[in-house]
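Biologist: Please take a close look at one part of this model for me. Go through the contacts one by one, and then place that part against the rest.

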Amino acid sequence: PDVGKQGLTFEMRWIRTADGKVREDRIANLRNSITSGLGYDAVERIDYKLDPMLPNPFGLNPNRLSIIFARGLTLNAERIELFANARETAQPSPDLFVTSEYLRQVTFSASKTSVARQVSGEYCHFFTFKRASDQEVLCNILTAVYSEPLQLERFFVKVPTRPILIYSHDMNLQRLET
């Protein structure tokens, strides 16, 4: 969810692979989250970077994706590039799963001048999923925002490895009837 938004409702999806692993449907979840946060669908498409050198059957780079917005439907972004630079997971108990994902986000947008605007940011999401029942999972997301040397040099010099902001969101995930 977008930082600062509360009370959003949207569908999230996970897919069970042939080998029994459960994977997030990142494209559907990002689209649904953005649409819920904006209140309308402004996403034209979400693309993973094609990379035939990667050893997966899809030839896609799971660490890089682009969110392309329909022209004129958002004020702050025409395109967002997400780079996942690190991930960690653990399952300390059968009903508890934790994961983290360190991201760099580069947002491209038009400006009133002829020069396009580019803003980058560094952050890490820390997810804690706790099974409440067979039909419900409680989730907390802590988002740590880090200073970026080219954008916030005065903060980066003071705290290069510590977050400068921390946000917390709670989510209640309920299984939909299929």
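Modeller: Two strands count as paired if DSSP finds at least two bridges between them. Keep in mind that this is a predicted model. I will take strand 8 as the part to examine, and start with its partners.

Strand 8 covers residues 136-146, and strand 7 covers residues 117-133. The two run antiparallel and are joined by 11 bridges. A hairpin of 2 residues leads from strand 7 to strand 8. Strand 9, residues 163-174, also pairs with strand 8. That pairing is antiparallel too, again over 11 bridges. Tyr 146 has Pro 163 of strand 9 as its bridge partner.

Now zoom in on Thr 143, which sits in strand 8. The bridge partner of His 125 is this Thr 143. Their side chains also meet, in a polar contact of 2.9 Å. Is Thr 143 buried or exposed? Thr 143 has a relative accessible area of 4%, so it counts as buried, the cut-off being under 20%. Beyond residues up to four places away in sequence, Thr 143 touches Tyr 123, Cys 124 and His 125. It also touches Leu 165, Ile 166 and Tyr 167. As background, side chains in a regular strand alternate between the two faces of the sheet.

Next, the rings. There are 3 aromatic pairs in the structure. One of them joins Phe 97 and Phe 129, with 6.3 Å between centres and 35 degrees between planes, and it is classed as tilted. Phe 97 belongs to strand 6 (residues 96-109) and Phe 129 to strand 7, so this pair ties together parts that lie 32 residues apart in sequence. Phe 127 and Phe 129 have ring centres 5.9 Å apart and planes at 5 degrees, so that pair is stacked. Ring pairs thus link Phe 97, Phe 127 and Phe 129 into a cluster. Two of these residues can be set side by side for exposure. Phe 129 is buried, at 16% relative accessible area. Phe 97 is partly exposed, at 33%.

One further ring is worth a look. Arg 79 lies over the face of Phe 108, at 4.0 Å from the ring centre.

Then the nonpolar cores. In soluble globular proteins, nonpolar side chains tend to be buried together. The largest core here has 14 residues. Within it, Ile 67, Phe 69 and Leu 82 touch the most other members. Helix 1 (26-38), strand 3 (43-50), strand 4 (60-69) and strand 5 (79-93) each supply at least two residues of this core. A separate core of 5 residues lies apart from it. Its members include Phe 129, Cys 139, Ile 141 and Met 171. Phe 129 therefore appears both in this core and in the ring cluster, being buried at 16%.

Back in the largest core, look at Phe 69. Leaving out neighbours within four places in sequence, its contacts include Ile 34, Ala 42, Val 43 and Glu 44. Arg 79, which lies over Phe 108, is also in contact with Phe 69.

Last, a residue for contrast. Val 22 is in strand 2 (residues 22-24). Val 22 is partly exposed, with a relative accessible area of 48%. Outside its neighbours within four places in sequence, Val 22 is in contact with Trp 14, Ile 15 and Arg 16.

Terms used: Residues numbered from 1 in each chain as written. Predicted model: local features only at pLDDT ≥ 70, side-chain atom pairs only at ≥ 80, totals over all residues. Heavy atoms only, no water. Helix = DSSP H or I, 4+ residues; strand = E, 2+ residues; numbered from the N terminus. Phe/Tyr/Trp six-rings, centres within 6.5 Å; stacked < 30°, edge-to-face > 60°. Buried < 20%, exposed > 50% of the residue type's maximum accessible area, 1.4 Å probe, protein only. Lys NZ or Arg CZ within 6 Å of the ring centre and 35° of its normal. Core = buried A, V, L, I, M, F, W, Y, C linked by side-chain atoms within 4.5 Å. Contact = heavy atoms within 4.5 Å. Polar contact = N/O pair within 3.5 Å; in protein donor to acceptor, adjacent residues only side chain to side chain.
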